[in-house]
Amino acid sequence: MSRLVPFFGFLLLVALFGFGIWWNTRHDQREVPSPLINKPAPAYALPKLDDPAQTVTREAMLGKPYLINVFASWCVACGEEHPVLMSEGQRIGVPLVGYNYKDEPDEAKAWLERHGNPYGLVIADREGRTAIDFGVYGAPETFLVDAKGVIRYKRIGPLTPAVIERELKPAIAALRKEAP
Amino acid sequence: MTPELGQLALILALLLALAQGVLPLLGAWRGNGALMAVARPAAAGQAVFVALAFGVLSWAFLHFDFSVRYVADNSNLALPWYYRLAAVWGAHEGSLLLWIFILNLWTVALAALSHKLPDVFVARVLGVLGLIAVGFIAFILFTSNPFERLLPMPPDGGDLNPVLQDPGMTFHPPVLYMGYVGFSVAFAFSIAALLGGELEQAWVRWARPWTNVAWGFLSAGIVAGSWWAYAELGWGGWWFWDPVENASFMPWLVGAALIHAQAVTEKRGALRAWTILLSIFAFSLSLLGTFLVRSGVLTSVHAFASDPKRGLFILCFLAVVVGGSLLLYALRAPKVAGGKPFGVVSRETAILIGNLMLTVAAAMVLLGTLFPLLGDALNLGKISVGPPYFGFLFTLLMIPIVLLLPFGPYLRWGEKGGLPPLKNVAVRAGIAALACAIAAAFTTGWALKAIAGTAAAVWCCVGTLLYVLKRWREMPAGRRYPAEMAGMLLAHFGVGVFLAGVLLTEALSVERDVRMAPGQVQTIGGYDFRFDGVHVADGPNWQGDQGTVTVMRNGREIAVMHPQKRTYTRGQVQTESAIDAGVTRDLYVALGEPMDRNDPEGAWALRLYHKPFVRWIWAGGLLMMLGGFFSAADKRFRLRREAEQKVAAAAQESHA
């Protein structure tokens, strides 16, 4: 009887593969929904870029919604996104928090000086450890966090005026409606 | 007209494969010599026609026959001839044609070299290989025809995937397939043994050189793939635990187990059922790899076209071949646990432990690879497991193997022999490993992986060298290292070299993403990288930006490196990293993007790596490959066969 074990194990495998083929005819594998949407943002404690002695934590940011924008001085798409943040940043209606990702502090500061600083606050994750918790896999990425510290929206890739109009603003408007 | 000839040749090859698959098996069952004799000519004929089809497709590529859809999709007028030739196996249809062509090479080699084996056995082996060929040729003809026409004919074609336009990638698929497909021989041997109800384990000795050669090729193919990913993908990584990589790694692990299990079965007569099962597994995992890569069931960085119809076809084929052979195994595997008894401290016990670890590791990799699929099936959401899972479990499973490895050659078969030499080896290799680990601790600043890597590598290498020394002293010249033993020692030494490469690279690599303006200097790992700007450099079918990075150490110039960013004719962008290779370190520079698109003369994003000992990874893999080839060349496998034949002939005569 034990000699049939490999055979039955293999049957299970075939069933799984059959399922896989069937599933793929119905689903697009490329869409990976962020598992963090509608989940509390991961706990973080990161130093401020301009004053590393001060630490910003998730708890300290509770109370009002804000937007986290992941950027780096070495990231080219961030450079493309930057003018959009400079012009639209004030009009979005929530504070903009810069998340400096895997960057040298000096280079990040120089970069912000050169291109302008749209952020009310910049936190630095030099090693990119906390970014793993956020599921960041490249810059730029943007997270909308609500007053209770829950991630409500995520954008992978640069924000463009069209994306802000079509996706980000409705998401912020939805937050407003919930608030009393 | 010629493409139709290719298709016709494939149809004829299918018919011959049917003849090769059915008639000899019938003949072996019925004891009909005439039917059995069909096997060899049918195999040769099939090979001729598949080679013809392969030649026709190559011809179409070389002569820009864009009326063939496959040619139009994968080449264009600007593509150099060597890449047009490599484009034959650059996409789905052609790579299957290569698969079947290589199966034919193995089959013909087997047909030519098996004259000393019993006819019935050869008929069964070639029959099984014929049936496998039927499945694959039918797959090509019915779902993936490379000769399909495209009318009207376009004036120019598409392009070969730029990541494949690299010398490493040209050789990677054929060599890898030599390995994958080579396991079909060991598979066919064990199926033939099951069918014939062979009570003796003589077939295992005949199968051994074939398995070793296949495993050697598979090692080389994986090394080539890893090297290519390192040089071409621009991340400087050498292994990603990607589904497609795992697909080649699982048969390799099982193959390594099989090589050792075959030795036990041959020498001791034990583990017979296990050896058969492993032969089935090794080839099944090769087929499974083909399925995973070709069906698109799993996403992967290797973006191959996926088509549910193709997936379904391979799945059915897989079900028949693997399901059928496992059922056959269940019904006919040797019922008695035969063979001589195991000694507690003996070579077979050590091999058994190694086998256990290797197969569990293969199962672990399979589970991890299929996890996203399981997540969908059990409605757990999108899940995937990555390097942390694989890396941790794999390391854990390999620890016993590394610990046992130096003792392998000293251990004797069975219960005879004692312990004394083991203690000597353990003490000497242990002291060497400890000393080097302490040295590593001080030079690397207590990097844990570097210490572990040094210790493990020295343990394996010194242990192996001690045995080399012992043979040198104790045996007369000429009889010191028979090929089989030399192969084993080479491969075991390779494991040590590989370990050093992996762990030292992981521990000591420095990787930096930086923005650099011309003239700026970055210091990494004691090397000063000066960015000297970017200028335009064009190739036959691409336009590119080429950066210049001068590397200096203590003010002395070490290398001038030229990373490129190419834009191919069809718009695909490809990074060509520049690598300054060395025995103890690689310097690696990849060009990112210009910080300002309108100013390519200005600052760029660059990726700078200092990778110590990374080359040892592939050197270790190549030593393992050599080990496989060497041991297959052992005279013992040939001489014994003749002796066998004499005995068999005598037995037949006495029957008659």
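1. Two residues are taken to be in contact when their C-beta atoms, placed from the backbone, lie within 7 Å. On that basis, in this predicted model, the contact between the chains draws 32 residues from chain B and 25 residues from chain A.

2. On the chain B side, at least two residues each come from helix H11 (272-295), helix H12 (308-332), helix H13 (347-377), strand E1 (510-516) and strand E9 (585-594). H12(B) gives the largest share, 11 residues. Sorted by class, the side of chain B that touches chain A holds 20 nonpolar, seven polar and five charged residues.

3. The domain assignment splits chain B into domain 1 (1-165), domain 2 (169-185 + 204-417) and domain 3 (510-615). Between the C-alpha centres of domain 1 of chain B and domain 3 of chain B the distance is 42 Å. These two domains do touch: eight residues of domain 1 of chain B are in contact with seven residues of domain 3 of chain B. The domain 1 side of that contact consists of five nonpolar, two polar and one charged residues.

4. Helix H9 of chain B (residues 202-232) has 31 residues. From first C-alpha to last, H9(B) reaches 46 Å, close to the 45 Å expected at 1.5 Å a residue. H9(B) nevertheless carries a kink of about 35° at B:Arg208, shortly before the proline B:Pro209.

5. How many of the 31 residues of H9(B) are buried? The count is 28, so H9(B) is largely enclosed by the rest of the structure. Buried here means that 20 or more other C-beta atoms lie within 10 Å of the residue's own.

Note on methods
Residues are numbered from 1 along each chain as its sequence is written. Chains are lettered from A and ligands numbered from 1 in the order in which they are written. This is a predicted model: local features need pLDDT of at least 70, side-chain atom pairs count only at pLDDT 80 or more; totals for chains, interfaces and linings use all residues. Helices (H or I, at least four residues) and strands (E, at least two) are DSSP runs, numbered from the N terminus. The expected span of a helix is 1.5 Å times one less than its number of residues. The bend at a residue is the angle between axes fitted to the seven residues ending there and the seven starting there. A residue is buried if 20 or more other C-beta atoms lie within 10 Å of its own, exposed if 12 or fewer, and partly exposed in between; C-beta atoms are placed from the backbone. Domain bounds come from an automatic or database domain assignment. Ala, Val, Leu, Ile, Met, Phe, Trp, Tyr, Cys and Pro count as nonpolar, Asp, Glu, Lys and Arg as charged, and the others, Gly among them, as polar.
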